[in-house]
Amino acid sequence: MRTLFAKILLWFWCTLAIFVVGSAFISALSVNQNASTQQAPGARLVKFQLEEARVTYETGGRPALAAFLDNLHQVYGAKGILTDETGRDLLTNQDRSDLLRRARRRAAFPYIRAGDGMVARSADDGRYWFFFIEPRQQVGAWFLMPEHLFMMAAAVLLCYWLAFHLTSPLRALQKAVERFGRGDFSARVNSTRRDEMGQLARTFDRMAGRIETLLTAERRLLGDISHELRSPLARLGVAIELARTGEDLDSHLNRIQKESDRLNALVGQLLQVTRAEGDPASLRQSPLRLDELVVQLAEDARLEAASRGCRIELAECRPVTVTGDPELLRRAVENVIRNAIRYAPHDSAVEIGLASDGGRARITVRDSGPGVPEESLERIFDAFYRVDTDRNRASGGIGLGLSIARRAIHLHHGAIRARNAQPGLELELELPVAPERA
(Lines give C-alpha, C1' and ligand atoms only; values in the text may rest on other atoms or scores of the structure.)
Protein backbone atom coordinates (compact mmCIF):
# COMPACT_ATOMS: atom_id res chain seq x y z
CA MET A 1 0.00 0.00 0.00
CA ARG A 2 2.95 2.35 -0.39
CA THR A 3 2.36 2.94 -4.08
CA LEU A 4 -0.10 5.46 -5.47
CA PHE A 5 -1.29 2.86 -7.98
CA ALA A 6 -2.36 0.43 -5.24
CA LYS A 7 -4.04 3.18 -3.22
CA ILE A 8 -6.04 4.45 -6.17
CA LEU A 9 -7.02 0.93 -7.25
CA LEU A 10 -8.14 -0.13 -3.74
CA TRP A 11 -9.94 3.14 -3.08
CA PHE A 12 -11.98 3.02 -6.29
CA TRP A 13 -12.73 -0.69 -5.96
CA CYS A 14 -13.91 -0.39 -2.33
CA THR A 15 -16.06 2.61 -3.17
CA LEU A 16 -17.67 0.81 -6.09
CA ALA A 17 -18.13 -2.41 -4.10
CA ILE A 18 -19.89 -0.53 -1.31
CA PHE A 19 -22.07 1.21 -3.86
CA VAL A 20 -23.04 -2.03 -5.64
CA VAL A 21 -23.73 -4.00 -2.46
CA GLY A 22 -25.61 -1.12 -0.87
CA SER A 23 -27.71 -0.53 -3.98
CA ALA A 24 -28.56 -4.24 -4.23
CA PHE A 25 -29.49 -4.41 -0.55
CA ILE A 26 -31.68 -1.33 -0.71
CA SER A 27 -33.33 -2.64 -3.89
CA ALA A 28 -34.09 -5.97 -2.19
CA LEU A 29 -35.55 -4.21 0.85
CA SER A 30 -37.63 -2.00 -1.39
CA VAL A 31 -39.03 -4.99 -3.28
CA ASN A 32 -39.87 -6.89 -0.10
CA GLN A 33 -41.28 -3.80 1.54
CA ASN A 34 -43.55 -3.15 -1.42
CA ALA A 35 -44.68 -6.77 -1.29
CA SER A 36 -46.04 -6.25 2.25
CA THR A 37 -47.76 -2.90 1.76
CA GLN A 38 -51.54 -2.68 1.42
CA GLN A 39 -51.42 -1.27 -2.12
CA ALA A 40 -48.81 -3.60 -3.61
CA PRO A 41 -50.09 -6.27 -6.05
CA GLY A 42 -48.70 -9.01 -3.80
CA ALA A 43 -50.54 -7.63 -0.77
CA ARG A 44 -53.81 -7.42 -2.70
CA LEU A 45 -53.30 -11.03 -3.82
CA VAL A 46 -52.76 -12.19 -0.22
CA LYS A 47 -55.89 -10.31 0.86
CA PHE A 48 -57.86 -12.07 -1.87
CA GLN A 49 -56.46 -15.43 -0.79
CA LEU A 50 -57.39 -14.61 2.81
CA GLU A 51 -61.01 -13.98 1.87
CA GLU A 52 -61.12 -17.14 -0.23
CA ALA A 53 -59.58 -19.26 2.57
CA ARG A 54 -61.99 -17.75 5.13
CA VAL A 55 -65.07 -18.48 3.03
CA THR A 56 -63.79 -21.98 2.23
CA TYR A 57 -63.16 -22.73 5.92
CA GLU A 58 -66.44 -21.31 7.13
CA THR A 59 -68.45 -23.17 4.49
CA GLY A 60 -66.53 -26.46 4.12
CA GLY A 61 -64.46 -26.82 7.26
CA ARG A 62 -60.97 -28.24 7.44
CA PRO A 63 -61.29 -30.61 4.40
CA ALA A 64 -62.27 -27.75 2.13
CA LEU A 65 -59.50 -25.57 3.60
CA ALA A 66 -56.93 -28.35 3.04
CA ALA A 67 -58.02 -28.70 -0.59
CA PHE A 68 -57.80 -24.92 -1.08
CA LEU A 69 -54.27 -24.71 0.38
CA ASP A 70 -53.07 -27.66 -1.71
CA ASN A 71 -54.41 -26.00 -4.84
CA LEU A 72 -52.66 -22.79 -3.78
CA HIS A 73 -49.36 -24.65 -3.44
CA GLN A 74 -49.73 -26.27 -6.86
CA VAL A 75 -50.56 -22.99 -8.60
CA TYR A 76 -48.13 -20.62 -6.86
CA GLY A 77 -45.57 -23.01 -5.41
CA ALA A 78 -46.16 -21.31 -2.07
CA LYS A 79 -47.45 -22.38 1.32
CA GLY A 80 -50.56 -20.88 2.87
CA ILE A 81 -51.49 -20.86 6.58
CA LEU A 82 -54.84 -19.67 7.98
CA THR A 83 -54.97 -18.92 11.71
CA ASP A 84 -57.44 -17.41 14.09
CA GLU A 85 -56.81 -14.17 15.94
CA THR A 86 -54.72 -16.01 18.60
CA GLY A 87 -52.38 -17.65 16.07
CA ARG A 88 -53.86 -21.18 16.13
CA ASP A 89 -53.56 -22.99 12.77
CA LEU A 90 -57.13 -23.77 11.69
CA LEU A 91 -55.97 -26.70 9.54
CA THR A 92 -53.48 -28.51 11.79
CA ASN A 93 -54.47 -26.91 15.11
CA GLN A 94 -50.75 -25.94 15.65
CA ASP A 95 -49.72 -22.88 17.58
CA ARG A 96 -48.58 -20.22 15.03
CA SER A 97 -48.45 -17.37 17.52
CA ASP A 98 -44.77 -16.81 16.70
CA LEU A 99 -45.72 -15.95 13.13
CA LEU A 100 -48.42 -13.65 14.44
CA ARG A 101 -46.06 -11.82 16.78
CA ARG A 102 -43.46 -11.32 14.08
CA ALA A 103 -46.07 -10.17 11.59
CA ARG A 104 -47.40 -7.58 14.02
CA ARG A 105 -43.95 -6.36 15.07
CA ARG A 106 -42.39 -6.18 11.59
CA ALA A 107 -45.31 -5.71 9.26
CA ALA A 108 -43.22 -3.78 6.75
CA PHE A 109 -40.54 -6.50 6.27
CA PRO A 110 -40.72 -10.14 5.11
CA TYR A 111 -40.48 -12.85 7.71
CA ILE A 112 -37.51 -15.12 7.02
CA ARG A 113 -37.57 -18.72 8.23
CA ALA A 114 -35.59 -21.64 6.86
CA GLY A 115 -34.93 -19.85 3.59
CA ASP A 116 -38.57 -18.79 3.01
CA GLY A 117 -40.15 -15.35 2.68
CA MET A 118 -43.55 -14.54 4.08
CA VAL A 119 -46.26 -11.95 3.62
CA ALA A 120 -48.98 -11.76 6.31
CA ARG A 121 -52.47 -10.24 6.11
CA SER A 122 -55.23 -9.97 8.70
CA ALA A 123 -58.96 -9.88 8.09
CA ASP A 124 -60.74 -6.59 8.39
CA ASP A 125 -62.56 -7.77 11.53
CA GLY A 126 -59.32 -9.19 13.03
CA ARG A 127 -60.69 -12.75 13.44
CA TYR A 128 -58.37 -14.40 10.91
CA TRP A 129 -54.74 -14.17 9.78
CA PHE A 130 -53.43 -15.55 6.49
CA PHE A 131 -49.72 -16.19 5.94
CA PHE A 132 -48.45 -16.51 2.37
CA ILE A 133 -44.99 -18.13 2.40
CA GLU A 134 -43.04 -18.48 -0.84
CA PRO A 135 -39.44 -19.52 -1.69
CA ARG A 136 -36.77 -16.88 -1.25
CA GLN A 137 -35.76 -16.86 -4.92
CA GLN A 138 -39.15 -15.36 -5.76
CA VAL A 139 -39.01 -12.64 -3.13
CA GLY A 140 -35.33 -11.93 -3.61
CA ALA A 141 -34.34 -11.87 0.05
CA TRP A 142 -30.75 -12.75 -0.87
CA PHE A 143 -29.86 -9.37 -2.34
CA LEU A 144 -26.45 -10.13 -3.91
CA MET A 145 -27.06 -11.88 -7.22
CA PRO A 146 -24.50 -13.31 -9.70
CA GLU A 147 -25.12 -10.27 -11.90
CA HIS A 148 -23.85 -8.08 -9.10
CA LEU A 149 -20.69 -10.18 -8.79
CA PHE A 150 -20.13 -9.86 -12.54
CA MET A 151 -20.49 -6.08 -12.33
CA MET A 152 -18.03 -5.97 -9.43
CA ALA A 153 -15.50 -7.99 -11.44
CA ALA A 154 -15.91 -5.60 -14.38
CA ALA A 155 -15.47 -2.71 -11.96
CA VAL A 156 -12.17 -4.18 -10.76
CA LEU A 157 -10.87 -4.20 -14.34
CA LEU A 158 -12.05 -0.64 -14.94
CA CYS A 159 -10.51 0.54 -11.67
CA TYR A 160 -7.24 -1.15 -12.61
CA TRP A 161 -7.24 0.62 -15.98
CA LEU A 162 -8.08 3.95 -14.33
CA ALA A 163 -5.32 3.59 -11.74
CA PHE A 164 -2.83 2.65 -14.45
CA HIS A 165 -3.96 5.60 -16.60
CA LEU A 166 -3.49 8.02 -13.70
CA THR A 167 -0.14 6.73 -12.47
CA SER A 168 1.67 5.84 -15.71
CA PRO A 169 2.69 9.46 -16.46
CA LEU A 170 3.97 9.80 -12.91
CA ARG A 171 6.15 6.72 -13.37
CA ALA A 172 7.46 8.14 -16.65
CA LEU A 173 8.17 11.45 -14.95
CA GLN A 174 9.95 9.65 -12.10
CA LYS A 175 12.21 7.81 -14.55
CA ALA A 176 13.01 11.05 -16.37
CA VAL A 177 13.83 12.82 -13.09
CA GLU A 178 16.10 9.94 -12.05
CA ARG A 179 17.96 10.08 -15.39
CA PHE A 180 18.25 13.85 -15.13
CA GLY A 181 19.57 13.56 -11.58
CA ARG A 182 22.26 11.12 -12.75
CA GLY A 183 23.54 13.70 -15.23
CA ASP A 184 21.62 12.77 -18.38
CA PHE A 185 20.40 16.28 -19.19
CA SER A 186 18.72 15.06 -22.39
CA ALA A 187 16.10 13.14 -20.36
CA ARG A 188 12.55 14.16 -21.31
CA VAL A 189 9.07 12.80 -20.64
CA ASN A 190 7.60 13.78 -24.05
CA SER A 191 4.04 13.30 -22.83
CA THR A 192 1.15 13.70 -25.28
CA ARG A 193 -1.56 13.88 -22.63
CA ARG A 194 -3.64 17.05 -22.41
CA ASP A 195 -4.66 16.86 -18.75
CA GLU A 196 -2.85 18.12 -15.64
CA MET A 197 -0.43 15.17 -15.77
CA GLY A 198 0.57 16.11 -19.30
CA GLN A 199 0.99 19.75 -18.28
CA LEU A 200 3.25 18.69 -15.42
CA ALA A 201 5.35 16.54 -17.77
CA ARG A 202 5.68 19.35 -20.31
CA THR A 203 6.64 21.78 -17.55
CA PHE A 204 9.41 19.40 -16.52
CA ASP A 205 10.55 19.09 -20.15
CA ARG A 206 10.76 22.88 -20.46
CA MET A 207 12.65 23.11 -17.18
CA ALA A 208 15.05 20.35 -18.21
CA GLY A 209 15.59 21.99 -21.59
CA ARG A 210 16.32 25.33 -19.97
CA ILE A 211 18.76 23.77 -17.50
CA GLU A 212 20.46 21.82 -20.29
CA THR A 213 20.79 25.00 -22.34
CA LEU A 214 22.20 26.97 -19.43
CA LEU A 215 24.70 24.27 -18.51
CA THR A 216 25.77 23.84 -22.13
CA ALA A 217 26.13 27.59 -22.53
CA GLU A 218 28.06 27.81 -19.27
CA ARG A 219 30.52 25.13 -20.37
CA ARG A 220 30.92 26.76 -23.76
CA LEU A 221 31.28 30.17 -22.14
CA LEU A 222 33.98 28.93 -19.78
CA GLY A 223 35.86 27.33 -22.66
CA ASP A 224 35.60 30.46 -24.79
CA ILE A 225 36.60 32.74 -21.91
CA SER A 226 39.62 30.60 -21.15
CA HIS A 227 40.63 30.83 -24.80
CA GLU A 228 40.00 34.56 -25.01
CA LEU A 229 41.91 35.29 -21.80
CA ARG A 230 44.80 32.99 -22.64
CA SER A 231 45.83 34.90 -25.76
CA PRO A 232 46.00 38.45 -24.31
CA LEU A 233 47.57 37.17 -21.10
CA ALA A 234 50.26 35.36 -23.08
CA ARG A 235 50.93 38.48 -25.12
CA LEU A 236 51.03 40.52 -21.93
CA GLY A 237 53.65 38.16 -20.51
CA VAL A 238 55.76 38.44 -23.65
CA ALA A 239 55.45 42.23 -23.72
CA ILE A 240 56.47 42.48 -20.06
CA GLU A 241 59.53 40.30 -20.64
CA LEU A 242 60.53 42.40 -23.64
CA ALA A 243 59.99 45.60 -21.67
CA ARG A 244 62.37 44.37 -19.02
CA THR A 245 65.15 44.21 -21.59
CA GLY A 246 64.94 47.97 -21.96
CA GLU A 247 64.77 47.89 -25.75
CA ASP A 248 62.03 50.01 -27.39
CA LEU A 249 60.22 50.45 -24.06
CA ASP A 250 57.46 52.68 -25.45
CA SER A 251 56.43 50.08 -28.01
CA HIS A 252 56.21 47.34 -25.39
CA LEU A 253 54.27 49.59 -23.03
CA ASN A 254 51.81 50.35 -25.83
CA ARG A 255 51.41 46.62 -26.39
CA ILE A 256 50.78 46.09 -22.68
CA GLN A 257 48.24 48.91 -22.70
CA LYS A 258 46.49 47.45 -25.72
CA GLU A 259 46.23 43.98 -24.21
CA SER A 260 45.02 45.34 -20.87
CA ASP A 261 42.36 47.38 -22.71
CA ARG A 262 41.33 44.21 -24.53
CA LEU A 263 41.02 42.33 -21.24
CA ASN A 264 39.05 45.20 -19.73
CA ALA A 265 36.67 45.23 -22.71
CA LEU A 266 36.24 41.46 -22.48
CA VAL A 267 35.37 41.60 -18.78
CA GLY A 268 33.02 44.52 -19.34
CA GLN A 269 31.10 42.76 -22.08
CA LEU A 270 30.90 39.56 -20.03
CA LEU A 271 29.32 41.60 -17.24
CA GLN A 272 26.82 42.95 -19.75
CA VAL A 273 25.93 39.41 -20.85
CA THR A 274 25.41 38.40 -17.23
CA ARG A 275 23.30 41.47 -16.56
CA ALA A 276 21.21 40.87 -19.68
CA GLU A 277 20.55 37.27 -18.65
CA GLY A 278 19.54 38.24 -15.13
CA ASP A 279 16.05 38.58 -13.74
CA PRO A 280 13.84 40.15 -16.44
CA ALA A 281 11.58 41.59 -13.74
CA SER A 282 14.47 43.79 -12.54
CA LEU A 283 14.72 45.62 -15.88
CA ARG A 284 13.98 49.30 -15.92
CA GLN A 285 10.79 50.08 -17.79
CA SER A 286 10.62 53.65 -18.99
CA PRO A 287 9.51 55.36 -22.22
CA LEU A 288 12.33 55.84 -24.73
CA ARG A 289 12.32 57.84 -27.98
CA LEU A 290 13.89 55.25 -30.26
CA ASP A 291 14.43 57.72 -33.11
CA GLU A 292 16.46 60.02 -30.86
CA LEU A 293 18.55 57.07 -29.65
CA VAL A 294 19.32 55.96 -33.23
CA VAL A 295 20.29 59.48 -34.30
CA GLN A 296 22.59 59.89 -31.30
CA LEU A 297 24.32 56.53 -31.82
CA ALA A 298 24.75 57.22 -35.53
CA GLU A 299 26.45 60.53 -34.76
CA ASP A 300 28.69 58.91 -32.16
CA ALA A 301 29.72 56.22 -34.63
CA ARG A 302 30.76 58.63 -37.40
CA LEU A 303 34.23 59.15 -35.89
CA GLU A 304 34.93 55.41 -35.64
CA ALA A 305 33.61 54.88 -39.16
CA ALA A 306 35.88 57.63 -40.51
CA SER A 307 38.91 56.05 -38.84
CA ARG A 308 38.14 52.80 -40.71
CA GLY A 309 37.62 54.53 -44.05
CA CYS A 310 33.82 54.19 -44.22
CA ARG A 311 30.88 56.48 -43.53
CA ILE A 312 27.49 56.47 -41.82
CA GLU A 313 24.33 57.08 -43.85
CA LEU A 314 21.24 57.64 -41.71
CA ALA A 315 17.79 57.62 -43.27
CA GLU A 316 15.06 59.93 -42.00
CA CYS A 317 13.72 58.68 -38.66
CA ARG A 318 10.17 59.45 -37.64
CA PRO A 319 9.30 59.68 -33.92
CA VAL A 320 8.88 56.25 -32.36
CA THR A 321 8.52 55.54 -28.63
CA VAL A 322 9.21 52.18 -26.99
CA THR A 323 9.23 51.03 -23.37
CA GLY A 324 12.28 49.40 -21.82
CA ASP A 325 15.71 49.74 -20.24
CA PRO A 326 17.47 52.63 -22.02
CA GLU A 327 20.98 51.37 -21.27
CA LEU A 328 20.34 47.83 -22.53
CA LEU A 329 18.66 49.09 -25.70
CA ARG A 330 21.45 51.62 -26.30
CA ARG A 331 24.07 48.87 -25.93
CA ALA A 332 22.14 46.57 -28.29
CA VAL A 333 21.84 49.13 -31.10
CA GLU A 334 25.41 50.35 -30.60
CA ASN A 335 26.81 46.82 -30.82
CA VAL A 336 25.00 46.21 -34.11
CA ILE A 337 26.26 49.50 -35.58
CA ARG A 338 29.85 48.87 -34.47
CA ASN A 339 29.70 45.34 -35.87
CA ALA A 340 28.68 46.76 -39.26
CA ILE A 341 31.49 49.33 -39.15
CA ARG A 342 34.00 46.59 -38.35
CA TYR A 343 33.19 44.70 -41.56
CA ALA A 344 32.43 47.63 -43.87
CA PRO A 345 34.93 47.84 -46.78
CA HIS A 346 37.00 50.97 -47.36
CA ASP A 347 35.08 53.86 -48.90
CA SER A 348 31.69 52.21 -48.33
CA ALA A 349 28.62 53.23 -46.36
CA VAL A 350 26.93 51.74 -43.32
CA GLU A 351 23.21 52.36 -43.86
CA ILE A 352 20.98 52.87 -40.80
CA GLY A 353 17.19 53.17 -40.92
CA LEU A 354 14.17 53.25 -38.61
CA ALA A 355 10.57 52.47 -39.52
CA SER A 356 7.40 51.45 -37.68
CA ASP A 357 4.19 49.73 -38.71
CA GLY A 358 1.66 47.42 -37.11
CA GLY A 359 2.74 48.35 -33.60
CA ARG A 360 6.36 47.27 -34.21
CA ALA A 361 9.48 49.42 -34.65
CA ARG A 362 12.25 48.13 -36.92
CA ILE A 363 15.86 49.30 -36.95
CA THR A 364 17.94 48.16 -39.94
CA VAL A 365 21.74 48.32 -40.13
CA ARG A 366 23.47 47.25 -43.35
CA ASP A 367 27.11 47.12 -44.39
CA SER A 368 28.66 46.28 -47.76
CA GLY A 369 31.08 43.68 -46.46
CA PRO A 370 31.54 40.03 -47.41
CA GLY A 371 28.36 38.87 -45.68
CA VAL A 372 27.91 35.63 -43.76
CA PRO A 373 27.40 32.05 -45.00
CA GLU A 374 23.72 31.10 -44.89
CA GLU A 375 24.36 28.30 -42.39
CA SER A 376 25.95 30.80 -39.97
CA LEU A 377 23.22 33.48 -40.00
CA GLU A 378 21.64 32.21 -36.78
CA ARG A 379 24.89 31.33 -35.03
CA ILE A 380 26.43 34.81 -35.30
CA PHE A 381 24.28 35.73 -32.28
CA ASP A 382 25.94 33.06 -30.11
CA ALA A 383 28.53 34.22 -27.59
CA PHE A 384 32.13 34.08 -28.93
CA TYR A 385 31.02 32.66 -32.26
CA ARG A 386 33.30 33.57 -35.20
CA VAL A 387 32.47 32.92 -38.83
CA ASP A 388 36.13 32.30 -39.62
CA THR A 389 38.45 30.10 -37.61
CA ASP A 390 40.97 32.85 -36.88
CA ARG A 391 40.06 34.44 -33.54
CA ASN A 392 42.82 37.01 -33.88
CA ARG A 393 41.52 38.46 -37.09
CA ALA A 394 42.05 42.12 -37.99
CA SER A 395 38.46 43.02 -37.04
CA GLY A 396 39.47 42.84 -33.39
CA GLY A 397 36.06 41.69 -32.09
CA ILE A 398 35.68 39.10 -29.37
CA GLY A 399 32.28 37.73 -30.44
CA LEU A 400 30.05 39.12 -27.70
CA GLY A 401 28.48 42.21 -29.25
CA LEU A 402 25.70 40.52 -31.22
CA SER A 403 25.06 38.07 -28.37
CA ILE A 404 24.47 41.00 -26.02
CA ALA A 405 22.22 42.65 -28.61
CA ARG A 406 20.08 39.53 -29.01
CA ARG A 407 19.64 39.05 -25.27
CA ALA A 408 18.70 42.70 -24.77
CA ILE A 409 16.17 42.66 -27.62
CA HIS A 410 14.61 39.39 -26.45
CA LEU A 411 14.24 40.74 -22.92
CA HIS A 412 12.16 43.55 -24.42
CA HIS A 413 9.93 41.04 -26.27
CA GLY A 414 11.51 41.87 -29.59
CA ALA A 415 13.39 40.00 -32.29
CA ILE A 416 16.69 40.34 -34.12
CA ARG A 417 17.33 38.85 -37.54
CA ALA A 418 20.23 38.70 -40.00
CA ARG A 419 20.16 38.24 -43.76
CA ASN A 420 22.63 38.65 -46.57
CA ALA A 421 21.94 41.83 -48.52
CA GLN A 422 24.16 40.99 -51.52
CA PRO A 423 26.49 42.68 -50.97
CA GLY A 424 26.93 42.88 -47.25
CA LEU A 425 24.93 41.85 -44.20
CA GLU A 426 21.73 43.47 -42.95
CA LEU A 427 20.63 43.19 -39.33
CA GLU A 428 17.07 44.04 -38.30
CA LEU A 429 16.06 44.82 -34.71
CA GLU A 430 12.33 44.67 -34.02
CA LEU A 431 10.70 46.08 -30.86
CA PRO A 432 7.09 46.60 -29.77
CA VAL A 433 5.96 50.22 -29.90
CA ALA A 434 4.76 51.71 -26.62
CA PRO A 435 0.98 52.29 -26.51
CA GLU A 436 -0.05 55.90 -26.93
CA ARG A 437 -1.19 57.67 -23.80
CA ALA A 438 -4.67 59.17 -23.73
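E334 and R331 both belong to helix α9, where they sit 3 residues apart, about one turn of the helix. In this predicted model, the two residues form a salt bridge in which the closest N and O atoms are 3.5 Å apart. Both residues also take part in the packing of α9 against other helices, since E334 is among the α9 residues that meet α8, while R331 is among those that meet α10.

**Helix α9 and its neighbours**

Helix α8, which covers residues 290–307, packs against helix α9, which covers residues 326–343, at an angle of about 35° and with the axes 10 Å apart. The crossing of α8 and α9 is right-handed. On the α8 side the contacts come from L293, L297, A301, E304 and A305, and on the α9 side from L329, R330, V333, E334, I337, R338 and I341.

Two of the residues in this interface, R338 and E304, are also joined through their side chains by a salt bridge with an N to O distance of 3.3 Å. This pair links distant parts of the chain, with R338 in helix α9 and E304 in helix α8, 34 residues apart. R338 counts as partly exposed because its relative accessible area is 33%, and E304 is likewise partly exposed, with a relative accessible area of 24%.

Helix α9 also packs against α10, and here the two axes come within 8 Å and cross at roughly 145°. The crossing of α9 and α10 is left-handed. From α9, the residues L328, L329, R331, A332, N335, V336 and N339 meet G401, L402, I404, A405, A408, I409 and L411 of α10. L329 therefore appears in the contact lists of α9 with α8 and of α9 with α10, as judged by heavy atoms within 4.5 Å.

**The covered helix α10**

Helix α10 is mostly covered, with 8 of its 11 residues buried. The buried residues are G401, L402, S403, I404, A405, A408, I409 and L411. S403 lies in this helix, which runs over residues 401–411, and S403 is classed as buried because its relative accessible area is 5%, under the 20% limit. Leaving aside residues up to four places away in sequence, S403 touches F381, D382 and A383. After α10 comes H413, whose phi is positive, near 60°.

**Salt bridges**

A search of the whole structure finds 22 salt bridges. Three pairs, including the two described above, are set out here with their N to O distances.

| Pair | N to O distance |
|---|---|
| R338 and E304 | 3.3 Å |
| E334 and R331 | 3.5 Å |
| E292 and R289 | 3.6 Å |

In the pair of E292 and R289, both partners are partly exposed, E292 because its relative accessible area is 47% and R289 because its relative accessible area is 33%. Elsewhere, D357, R360, R362, R417, R419, E426, E428 and E430 are linked in a network of salt bridges.

**V320 and its surroundings**

V320 is located in the loop between β6 (311–314) and β7 (321–324). What is the relative accessibility of V320, and how does it count? The value is 5%, so V320 counts as buried. Apart from residues up to four places away in sequence, V320 touches L288, R289, L290, D291, L354, S356, A361 and V433. Among these contacts is R289, whose side chain meets that of E292 in a salt bridge. The C-alpha atoms of V320 and R362 are separated by 9.9 Å, although the two residues are 42 residues apart along the chain, and R362 is one of the residues in the salt-bridge network.

**A nonpolar surface patch**

L10, W13 and V156 form a nonpolar patch on the surface, and together they have about 220 Å² of accessible area. V156 lies in helix α5, which covers residues 146–181, and V156 counts as partly exposed because its relative accessibility is 30%.

**The chain as a whole**

The chain contains 10 helices and 11 strands, and 38% of its 438 residues count as buried. Among contacts in the chain with a separation of 6 or more, residues 24 or more positions apart account for 64%. The chain exposes about 25,700 Å², of which carbon and sulfur atoms supply 56%.

Conventions
Residues are numbered from 1 along each chain as its sequence is written. This is a predicted model: local features need pLDDT of at least 70, side-chain atom pairs count only at pLDDT 80 or more; totals for chains, interfaces and linings use all residues. Side-chain values use heavy atoms; hydrogens and water are left out. Patches are made of residues with over 30% relative accessible area and no salt bridge: like charges are joined within 9 Å, nonpolar side chains (Val, Leu, Ile, Met, Phe, Trp, Tyr) within 5 Å. Accessible areas come from the Shrake-Rupley method with a 1.4 Å probe; for residues, only the protein chains shown count as cover. A salt bridge is a side-chain nitrogen of Lys or Arg within 4 Å of a carboxyl oxygen of Asp or Glu. Helices (H or I, at least four residues) and strands (E, at least two) are DSSP runs, numbered from the N terminus. Buried means under 20% relative accessible area, exposed over 50%, partly exposed in between (1.4 Å probe, protein chains only). Axes are lines fitted to C-alpha atoms, for helices over the stretch in contact, and angles run from 0 to 180 degrees between N-to-C directions. A crossing is left-handed if the near helix is turned anticlockwise from the far one by less than a right angle, and right-handed if clockwise.
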